[in-house]
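Thanks, everyone; I have a few minutes on one model, and I would like to walk through its sheet strand by strand. Please have the viewer open while I talk.

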Amino acid sequence: MPLVKNGRITTDLFVHVADGAELPGDRAILVTAERFLTDPEALLRRSGKLGVLWPNNRDLDELVPHLDRIAAVALVFPTFRDGRAYSQARLLRERHGYDGELRATGQVLRDQFVFMTRAGFDAFEVKKEADADAFAETMKRYSVFYQPTGDGRVTALNRRMQLRHSESAGQ
């Protein structure tokens with residue numbers, strides 16, 4: 001399954017580890033929320049990076065105390081019609097200040113790349129190679145947005161204010 005991160009197809013450094021499976025040394029791992037919450041301290045003590053696969057029907061409050069030590073959070077889209085992971089992403093970025101990898105997994109469709117990025121996702125597990133190839137083109141399509149979000153892009157209002165300020169400073 002291709003991984004698109006920061007607009008490019010990249011190698012996934014995280015190994016998905018099933019519940020009950022042996023942990024692979026010091027490699028970067030992605031574990032389920034259930035496995036993580038069973039003994040978070042043991043997993044966080046490992047030398048390799050830790051990522052957590054977090055379902056969209058689970059409360060983020062269980063994860064928040066550990067965010068500063070988690071390298072990646074993978075939020076699940078069980079169907080393309082279920083948008084709860086968008087809300088989770090915005091909460092993680094904007095309210096809780098999470099700056100690690102925020103990955104969209106499950107039903108990740110190319111039509112939703114821009115919305116997912118605007119919500120704060122920076123990595124995407126896609127099912128089709130063609131979707132991974134289309135990501136960069138999709139993201140180039142829009143340069144200005146009206147609504148502020150956690151992706152850090154300047155809004156149309158902010159851009160207009162910057163232009164006015166630079167014009168008045170130049171006079």
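What follows is a short tour of the sheet, its pairings and the helix that packs on it.

Please keep in mind throughout that this is a predicted model. The centre of the discussion is an open sheet of eight strands, which has mixed pairing and the order β2-β1-β8-β7-β6-β5-β4-β3. At its edges are β2, residues 8-10, and β3, residues 15-16, each of which pairs on one side only.

As a general reminder, strands of a sheet pair through backbone hydrogen bonds, and they may do so parallel or antiparallel. Both kinds appear here: β1, residues 3-5, runs antiparallel to β8, residues 123-125, with three bridges joining them, whereas β3 and β4 run parallel and are joined by two bridges. In the antiparallel pair, K5 has A123 of β8 as its bridge partner, and in the parallel pair H16 has L30 of β4.

On its other pairing, β4 is joined to β5 by four bridges, again in parallel, and there T32 stands opposite L53 of β5.

Which residues of β4 are buried, and on which sides? I29 and V31 are buried on one side, and L30 and T32 are buried on the other, so that both faces of this strand, residues 29-32, are covered. In a regular strand, side chains alternate between the two faces of the sheet.

Finally, helix α3, residues 84-95, packs on the sheet, where it touches β5 (50-54), β6 (72-77) and β7 (101-106). The direction of α3 makes about 160° with that of β6.

Methods:
Residues numbered from 1 in each chain as written. Predicted model: local features only at pLDDT ≥ 70, side-chain atom pairs only at ≥ 80, totals over all residues. Heavy atoms only, no water. Pairing = 2+ DSSP bridges. Contact = heavy atoms within 4.5 Å. Axes fitted to C-alpha atoms, helices over the stretch in contact; angles between N-to-C directions. Buried < 20%, exposed > 50% of the residue type's maximum accessible area, 1.4 Å probe, protein only.
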